[in-house]
Amino acid sequence: MVRILLVLAVLLFSISSTFAAIQVRVDKTQISSIDSLRISIRDDTLSGNQVPDISALKADFNIINQSQSSSFSAINGKTFRAIELQLVLKPKRIGELTIPAFTLGKQTSKPIKIKVSKVNEASFENNILFIKTKISNKNPLVQQQIIYTVSLFSNENVKDAPLDFAPKMLDTKVKKIAKQSIHPVKFKGRQLWRQDFNFAIYPQKAGGLRVPAINLDVNLTTPSKRRTVKLFSEAINLTVAPAHPSYPAGEYWLPATDVKISEKPFANGQKIVAGEPFVRQITIKISAQSANQVPAIKLQNSTLFEQYPDSHSNSEKLTNANIISTSKQNILLIAKHSGEQILPEISLNWFDTNDNKTKIARLPAVKIQVGKPLVQPKTLVLHKFENKDISLKTNPKQPKSQPTYWKPAALFSITLWLLTLLFCWFYRQSKSTQKLVENNKTAGANQLKMIKEYANKNDAKAAKNALDTWIFEQYNLLDTNKFAAKFGAEFAAEILILQQNLYKSNAKWNGKKFYQVFAKTLKNHPPKPPKQLENLYPDSV
């Protein structure tokens with residue numbers, strides 16, 4: 001009797017153990033990168049009403065399909081419910097993947113290792129399909145262009161090839177380059193078709209960088225059936241170095257394979273005149289670099305010209321394995337003097353990633369002839385006549401003497417008329433001067449309001465225009481820097497910051513700070529009308 005009781009106890013314990021576990025089964029543990037995997041997760045716990053959390057699977061697998069079923073059983077008068085979750089998985093990468101452990105209550109399943117092998121030749125009814133990846137440089141410099149190529153091989157033209165994929169990474173900029181046309185290649189004695197997808201990658205941070213695996217869904221069609229094949233590439237690890245230590249400190253870092261600077265010649269017949277603006281049209285062409293990395297031209301200080309950055313435009317030309325960027329930048333200049341002048345040299349430091357050395361692209365200084373202003377001050381010209389014998393024919397008949405009393409009367413009338421004209425002129429001048437002063441005060445106040453309004457809106461261009469108008473009206477000055485230099489380093493520094501932000505596309509000018517310094521300067525140095533106008537053309541004498 002005791003033995004029978006022991007046997008029954010063992011049976012009951014084994015049954016309870018069977019229904020107190022999480023069972024995880026897979027149909028295979030070794031698959032290729034294009035195969036799918038079936039997994040069954042069964043909850044045989046006594047509660048039987050919980051569903052395991054499967055979110056951890058998404059780290060290594062894509063869940064293609066998911067279904068759930070339930071079953072019931074009765075033991076010793078008790079009803080038990082079992083839940084079975086069935087999944088179809090596709091691997092996300094090549095290598096040893098893990099189906100994680102699942103936990104329900106106090107029960108935990110064991111993890112399962114799945115080995116995913118690389119597919120160099122995926123055969124489906126005699127169709128070959130695979131991908132290969134390569135990268136131009138595994139040890140690039142920061143912001144250096146590297147080319148990442150994904151090549152799709154097949155023994156026939158693949159339909160519906162994905163064209164919108166791109167690697168996604170942190171601290172990088174990725175640009176898709178023009179796709180090559182499909183062309184034939186030889187592979188292990190067989191003719192295949194190859195299609196390349198090229199990407200330009202610009203790492204923005206030094207350190208380790210991982211180019212992730214690419215997953216492609218390719219539709220493969222045969223006379224009998226249509227199938228979507230998932231192809232995978234391997235991840236590639238890079239080591240990104242900082243800017244080269246030989247590069248000049250403080251200079252704009254520009255890695256490229258070639259940099260050229262050119263200038264558009266002045267138009268035939270174009271005359272450059274002192275005091276009048278003219279434009280230099282500069283073109284910077286950079287190979288193996290994106291357009292948004294092209295720097296603005298750094299203007300050198302010049303005592304001969306006023307220089308201001310003008311409009312600019314950037315463009316990119318995409319080739320099969322490179323990006324060539326072009327930046328067209330205009331510089332506005334005003335010559336201060338007439339005569340032969342020298343336009344300053346323009347230079348740009350860059351690092352040649354082919355030769356691994358720092359180079360300088362230069363636009364040499366240019367001599368130009370600057371003419372005098374078109375409007376010249378009036379001068380009195382005295383003409384001298386050569387002594388010549390001039391014979392005059394005399395009239396033998398002399399006029400009779402006329403009475404001369406009319407001469408004093410005419411002289412008196414003319415004098416009175418001139419005095420009347422002079423009085424009227426002085427009267428109108430006094431009135432117009434008074435009106436001009438009043439208008440000048442009103443215009444100055446209006447310009448100050450406009451300067452404040454545009455400064456509060458952080459509109460650098462509009463504030464600069466209003467400031468130039470106010471300076472000319474109040475001080476008769478055309479040179480903003482000369483005006484700023486009279487009123488201390490703080491205001492001069494704000495003028496310099498304003499000029500630097502005039503034509504930047506992403507300028508962040510602090511207009512409120514500028515106006516605070518301007519108002520403080522205006523309070524300490526109120527405008528006084530000058531006694532005479534400044535000579536705009538000092539060479540025109």
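**Note on a three-stranded sheet and two loop residues**

1. Start with one strand pair. Strand 6 and strand 9 (residues 112–117) are joined by five bridges, and the two run antiparallel. This is a predicted model. Look for Glu96: it stands opposite Lys115 in strand 9.

2. Now place that pair in its sheet. The sheet is open, has three strands, and follows the order 2-9-6. Its pairing is mixed. The edge strands are strand 2 (30–32) and strand 6 (95–99), and each of them pairs on one side only. From one strand to the next, the twist averages 30°. A reminder on sheets in general: strands pair through backbone hydrogen bonds, either parallel or antiparallel.

3. Next, check the backbone at Asp171. Its phi is near 55°, a positive value in a residue other than glycine. Where does Asp171 lie? Find the loop between strand 12 (146–154) and strand 13 (172–176); Asp171 is there. Asp171 has a relative accessible area of 46%, so it counts as partly exposed.

4. Asn458 deserves a look too. It is not a glycine, yet its phi is positive, at about 60°. This residue sits in the loop between helix 2 (406–456) and helix 3 (460–475). Is Asn458 buried, partly exposed or exposed? The relative accessible area of Asn458 is 41%. Buried means under 20% and exposed means over 50%, so a value in between is partly exposed. Asn458 is therefore partly exposed.

5. To recap for your own check in the viewer: trace the strand order 2-9-6. Then visit the positive phi values of Asp171 and Asn458.

Notes. Residues numbered from 1 in each chain as written. Predicted model: local features only at pLDDT ≥ 70, side-chain atom pairs only at ≥ 80, totals over all residues. Heavy atoms only, no water. Pairing = 2+ DSSP bridges. Helix = DSSP H or I, 4+ residues; strand = E, 2+ residues; numbered from the N terminus. Axes fitted to C-alpha atoms, helices over the stretch in contact; angles between N-to-C directions. Buried < 20%, exposed > 50% of the residue type's maximum accessible area, 1.4 Å probe, protein only.
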